[in-house]
Amino acid sequence: MSTRRGVGLSAFQNRSSLTSSYATHGAALRSSHLSSLQTQLSVFQSLLHTFALQHSETIKQNPTFRAEFARMCNAIGVDPLAGSNVKGKKGKGSWWTQVLGGDVNDFYFGLAVRVVEVCRESRGENGGLIGLEECKERVRRGGKIGSGMEVSDDDILRAVKSLKPLGSGFSIVTVGSKQMIRSIPKELNTDQSTVLEAIQVLGYVTVSMLQDNLSWEYARAETVIEDLLADSLIWVDAKASEKEYWSPAFMHDSDD
């Protein structure tokens, strides 16, 4: 006959007490870790603030330096274009304004206005889809003498981002390997994106090329082409033996 005794009630109580102690200790560690991270973040933001003040002129005038500084901000959760990122200073404009004054903040809003103008001026040519590089070059040239702006790709991206709260329909899309600004609310479907990617790579397409390379039926290829033509996203060269379709958005690349 076994003399082994069963587990008593006190053993369960001890285990429950131990589990509770572990939970309490874990919560304390998490709280301490969070507090430490918040302190570090606060120190980083303070150092970033000091850095911005020391190099404010360079940030305002040098687009490459400005882009790198903005990436530093994003790395620690500071959005320079947000309404406020400095504790206790809500409602006083963007972080750019609070740290560097109104010049940089005004620069981005002024750039956003110029991007809108460029997109509208070129919409008849490209149907509302313009390459980021082409937009940047048009902004640099300016519409009038002395109206050009020295900007980087990052500046253009941030300017377009600043338009989003307005519900303006402006957004950044990627076609193939190229970033583009879409200034019309209509979304590109999968077939349209595929055709534009093919034009980016090949320079132009024909209906037979789409049939041969994508195994599309004639009706499918023709329908996509007609939709893109209707939206002015592609142009047609009717003088070739078979109609060739080009995209004005990618002609800028071939000219470089």
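**Exercise 1. Helices against the sheet**

Task: In this predicted model, determine which strands helix H6 (residues 132-141) lies across, and at what angle to E1 it runs.

Solution. Start with H6: this helix lies across E1 and E3, and its direction makes about 75° with E1. Next take helix H8 (residues 190-202), which lies across E1, E2 and E3. The angle of H8 to E2 is about 65°.

**Exercise 2. The sheet itself**

Task: Give the strand order of the sheet and state which strands are at the edges.

Solution. The sheet is open and has three strands, in the order E1-E3-E2, with antiparallel pairing. Strand E1 (129-131) and strand E2 (171-175) are the edge strands, since each pairs on one side only. On average, neighbouring strands are turned by 40° against each other, with direction ignored. For the pairing of E2 with strand E3 (residues 178-182), count the bridges: there are five, in the antiparallel sense. Val-173 stands opposite Met-180, a residue of E3.

**Exercise 3. A buried residue of H8**

Task: Classify Asp-191 as buried or exposed, and list the residues that Asp-191 touches, leaving out those up to four places away in sequence.

Solution. Asp-191 belongs to helix H8. Its relative accessible area is 18%, and the limit for buried is under 20%, so Asp-191 is buried. With residues up to four places away in sequence not counted, Asp-191 touches Trp-216, Arg-220 and Val-224.

**Exercise 4. The packing of H3 and H7**

Task: Describe how helix H3 (residues 63-75) and helix H7 (residues 153-162) are placed relative to each other, and characterise the residues in their contact.

Solution. First, the geometry: the two axes come within 8 Å and cross at roughly 55°. An angle between 35 and 65 degrees falls in the oblique class, and H3 and H7 are therefore oblique to each other. Second, the residues: H3 contributes Pro-63, Arg-66, Ala-67, Ala-70, Arg-71 and Asn-74, while H7 contributes Asp-154, Asp-155 and Arg-158. Third, the composition: three of the contact residues are nonpolar, one is polar and five are charged.

**Exercise 5. Two residues and their distant partners**

Task: For Phe-69 and for Arg-114, give the element, the burial class and the C-alpha distance to the partner named below.

Solution. Phe-69 has its place in helix H3. The relative accessibility of Phe-69 is 1%, so this residue counts as buried. His-55 lies 14 residues from Phe-69 along the chain, and their C-alpha atoms are separated by 9.9 Å.

Arg-114 is in helix H5 (residues 102-126). With a relative accessible area of 10%, Arg-114 is buried. Its partner is Met-149, 35 residues apart from Arg-114 in sequence and 9.3 Å apart from Arg-114 in space, C-alpha to C-alpha.

**Exercise 6. Cysteines**

Task: Why does Cys-119 form no bond with the closest cysteine sulfur, and how many disulfides does the count give?

Solution. Begin with the cut-off: a disulfide needs two cysteine sulfur atoms within 2.5 Å. For Cys-119, the closest cysteine sulfur is that of Cys-135, at 5.0 Å, which is too far for a bond. Checked from the other side, the closest cysteine sulfur to Cys-135 is in Cys-119, again at 5.0 Å and too far. The count of disulfides is zero. As for burial, Cys-119 has a relative accessible area of 1% and is buried, and Cys-135, at 0%, is buried as well.

Technical notes:
Residues are numbered from 1 along each chain as its sequence is written. This is a predicted model: local features need pLDDT of at least 70, side-chain atom pairs count only at pLDDT 80 or more; totals for chains, interfaces and linings use all residues. Side-chain values use heavy atoms; hydrogens and water are left out. Axes are lines fitted to C-alpha atoms, for helices over the stretch in contact, and angles run from 0 to 180 degrees between N-to-C directions. Helices (H or I, at least four residues) and strands (E, at least two) are DSSP runs, numbered from the N terminus. Angles under 35 degrees count as roughly parallel, over 145 as roughly antiparallel, 65 to 115 as roughly perpendicular and the rest as oblique. Contact means heavy atoms within 4.5 Å. Ala, Val, Leu, Ile, Met, Phe, Trp, Tyr, Cys and Pro count as nonpolar, Asp, Glu, Lys and Arg as charged, and the others, Gly among them, as polar. Buried means under 20% relative accessible area, exposed over 50%, partly exposed in between (1.4 Å probe, protein chains only). Two strands pair if DSSP finds at least two bridges between them.
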